[in-house]
Amino acid sequence: NADPIKTELNKTNSIVFRNKIIVNKVNFSYEGSDASILNKLELEILKNTTVGFVGSTGSGKTTLIDIILYLLMPSSGSVSIDGVEINSKNKSVWQKQIGYVPQSIYLTDNTISNNIAFSVSPEKINLEQVYKAAEMAQLDDFISTLPNQYDTIVGENGVRLSGGQRQRIGIARALYTNPKLLVLDEATSALDGITENIIIETVDNLAHKMTIIIVTHRLTTIK
């Protein structure tokens, strides 16, 4: 017979995101500081919806994201996925389901496909997944105009690409792992208005196909 204690442990370690992320009465303050950054925060994020967190620098947006990603532990309260609370044992299972797009994308002086399948050794790259991620990030039309297509070298930190193209590679990289949750953390804030609109259009195309969190200090981005 299966050991009931072990079975219970397996249950709590497996996180399958089917319905919603619940942030339950989360408090957070940094060690040695009395200032509360998050105070009894409660929210629900339903699967395949798009949610925006807007606020000025220091308002706690990044702290909240780090808690949802379980890079930070809440001082009290919890984050759970469909009733399973994220903890230090199961956090890696949860983190593998998240695609993260930061403000500045780090690119190596390598091919486009190696930069999309970032940190995967070249012989293990799944090209079908690379193509699919590039298509979802609306990068495939641009790549098809390049003489070496996916084997095009991007130059030191993407010097041969525009800001918008670099951001799209960042989105494709986040999508390569087929995430359940896509987080854009100030991912368009360094772009000019026109380029930002193009990137937001790309994100709009992904809406309802996955859960998306957009973090920004610009209300216009969310609008």
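Which residues is Ile 213 in contact with, leaving aside its neighbours within four places in sequence? The answer is Ile 45, Val 51, Phe 53, Ile 65, Ile 68, Leu 181, Leu 182, Val 183 and Leu 184. Keep in mind that this is a predicted model. Let's start with Ile 213 and its strand, then move on to the cores, the helix pairs and a few backbone oddities.

**Two residues of strand β8**

- Ile 213 sits in strand β8, and it is buried, with a relative accessible area of 0%.
- Along the chain, Ile 213 and Val 51 are 162 residues apart, yet in space their C-alpha atoms are 4.9 Å apart. Val 51 also turns up in the contact list of Ile 213.
- Thr 216 is another residue of β8. Thr 216 counts as buried because its relative accessible area is 2%, and the cut-off for buried is under 20%.
- If you skip residues up to four places away in sequence, Thr 216 touches Phe 53, Val 54, Gly 55, Lys 61, Glu 186, Thr 221 and Ile 222. Phe 53 is on the contact list of Ile 213 too.
- Try one more pair: Thr 216 and Ser 104 are 112 residues apart along the chain, and 14 Å separates their C-alpha atoms.

**The nonpolar cores**

- In soluble globular proteins, nonpolar side chains tend to be buried together.
- Here, the largest nonpolar core has 33 residues, and the ones touching the most other members are Ile 116, Ile 171, Leu 182 and Leu 184.
- Two or more residues of this core come from each of α4 (112–116), α5 (127–136), α7, β7 (181–185), α8 and β8 (211–216).
- Helix α7 gives the largest share, with 6 residues.
- A second core lies apart from this one; it has 26 residues, including Ile 67, Leu 69, Val 79 and Trp 94.
- Zoom in on Leu 184: neighbours within four places aside, it is in contact with Val 101, Ile 171, Val 203, Ile 212, Ile 213, Ile 214 and Val 215.

**Helix α7 and helix α8**

- How do α7 (residues 163–176) and α8 (residues 193–206) pack? Their angle is about 20°, and their axes are 10 Å apart.
- The two helices are therefore roughly parallel to each other, given that angles under 35 degrees count that way.
- The crossing of α7 past α8 is right-handed.
- On the α7 side, the meeting residues are Gly 164, Gln 167, Arg 168, Ile 171 and Leu 175, while α8 brings Thr 195, Ile 198, Ile 199, Thr 202, Val 203 and Leu 206.
- Sorted by class, this contact has 6 nonpolar, 4 polar and 1 charged residues.
- An α-helix has 3.6 residues a turn, so residues three or four places apart point the same way.

**Helix α5 and helix α7**

- Helix α7 has another partner in α5: these two pack at about 130°, and their axes are 8 Å apart.
- That makes α5 and α7 oblique to each other.
- As with α7 and α8, the crossing is right-handed.
- From α5, the contact uses Gln 129, Val 130, Ala 133, Ala 134 and Met 136, and from α7 it uses Ala 172, Leu 175 and Tyr 176.
- The class count for this contact is 7 nonpolar, 1 polar and no charged residues.
- Leu 175 of α7 takes part in the contact with α5 and also in the one with α8.

**Helix α2, mostly covered**

- How many of the 8 residues of helix α2 (residues 61–68) are buried? The count is 7, so the helix is mostly covered.
- Those buried residues are Lys 61, Thr 63, Leu 64, Ile 65, Asp 66, Ile 67 and Ile 68.
- Several names here may ring a bell: Ile 65 and Ile 68 are in contact with Ile 213, and Lys 61 touches Thr 216.

**Positive phi angles to look for**

- Just after α2, Tyr 70 has a positive phi of about 55°.
- Lys 40 is not a glycine, yet its phi is positive, about 50°. You'll find Lys 40 in strand β2 (residues 38–46).
- Is Lys 40 buried or exposed? Lys 40 is exposed, with a relative accessible area of 59%.
- Gln 138 is also not a glycine, and its positive phi is about 55°.
- Look for Gln 138 in the loop between α5 and α6 (140–144). Gln 138 is partly exposed, at a relative accessible area of 27%.

Definitions and conventions. Residues numbered from 1 in each chain as written. Predicted model: local features only at pLDDT ≥ 70, side-chain atom pairs only at ≥ 80, totals over all residues. Heavy atoms only, no water. Axes fitted to C-alpha atoms, helices over the stretch in contact; angles between N-to-C directions. Helix = DSSP H or I, 4+ residues; strand = E, 2+ residues; numbered from the N terminus. Parallel < 35°, antiparallel > 145°, perpendicular 65-115°, else oblique. Left-handed = near helix turned anticlockwise from the far one by under 90°. Contact = heavy atoms within 4.5 Å. Nonpolar A, V, L, I, M, F, W, Y, C, P; charged D, E, K, R; others polar. Core = buried A, V, L, I, M, F, W, Y, C linked by side-chain atoms within 4.5 Å. Buried < 20%, exposed > 50% of the residue type's maximum accessible area, 1.4 Å probe, protein only.
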